[in-house]
Amino acid sequence: MTEASKGTSAIELDGKDLPAYCPNPAMPAWSSHPRVFLELSHGGEAKCPYCGTVYRLKPGAVVHHH
């Protein structure tokens, strides 16, 4: 069971938001940690190993591979 399925809201990302990383630009500076890039290819969801923030691809998001 993921954090998002427990009722905690996930940050939804579109294809233009990739590559996904945490902390994201909307997070306050005081809560920052080292930047980590997140792999969303497995089920379209990832959890930050530092702060536990859950990131998820929006339904219908188009992922462009480089």
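pLDDT is the predictor's confidence in each residue, from 0 to 100. That score is a good place to start, as this is a predicted model, in which local features need pLDDT of at least 70 and side-chain atom pairs count only at pLDDT 80 or more, while totals for chains, interfaces and linings use all residues. Residues are numbered from 1 along each chain as its sequence is written, and side-chain values use heavy atoms, with hydrogens and water left out.

**Confidence**

The average pLDDT of the chain is 83, and 83% of the residues score at least 70. Take care with residues 1-7, where pLDDT stays under 50. The model gives this stretch ten contacts (heavy atoms within 4.5 Å) beyond four places in sequence. Where pLDDT is low, the predicted coordinates should not be read in detail.

**Overall layout**

You will find five strands and zero helices here, in the order β-β-β-β-β along the sequence. Both element types are DSSP runs numbered from the N terminus: helices are H or I with at least four residues, strands are E with at least two. Of the contacts with a separation of 6 or more, 43% join residues 24 or more positions apart. The chain exposes about 4,700 Å², with carbon and sulfur atoms supplying 56% of that area; the areas come from the Shrake-Rupley method with a 1.4 Å probe, and for residues only the protein chains shown count as cover.

**The core**

Buried residues make up 30% of the 66 residues in the chain. Buried means under 20% relative accessible area, exposed over 50%, and partly exposed in between (1.4 Å probe, protein chains only). The largest nonpolar core has eleven residues: L13, A20, C22, V36, L38, L40, A46, C48, Y55, L57 and A61. A nonpolar core is a set of buried Ala, Val, Leu, Ile, Met, Phe, Trp, Tyr and Cys residues joined through side-chain atoms within 4.5 Å. Two or more of the core residues come from each of β2 (20-22), β3 (36-38) and β5 (54-57).

Within this core, L38 touches A20, Y21, C22, A46, K47, C48, P49 and Y55, leaving aside residues up to four places away in sequence. Y21 also has R35 over its face, at 3.9 Å from the ring centre; a charge sits over a ring if NZ of Lys or CZ of Arg is within 6 Å of the ring centre and within 35 degrees of the ring normal.

**Buried loop residues**

Three loop residues are worth a look together. Their contacts below leave out residues up to four places away in sequence.

| Residue | Loop | Relative accessible area | Touches |
|---|---|---|---|
| H33 | β2 to β3 | 16% | C22, P23, C48, Y50, C51 |
| C48 | β4 to β5 | 2% | C22, H33, V36, L38, T53 |
| T53 | β4 (45-47) to β5 | 18% | I11, C22, M27, A46, K47, C48 |

T53 counts as buried because its relative accessible area is 18%. The C-alpha atoms of C48 and P23 are separated by 8.5 Å, although these residues are 25 apart along the chain.

**Two cis bonds**

Most residues other than glycine have a negative phi, and most peptide bonds are trans. Which bonds are cis here? One is the peptide bond from L18 to P19, with omega near 5 degrees, and P19 is in the loop between β1 (11-13) and β2. The peptide bond from C22 to P23 is also cis, with omega near 0 degrees, and P23 lies in the loop between β2 and β3.
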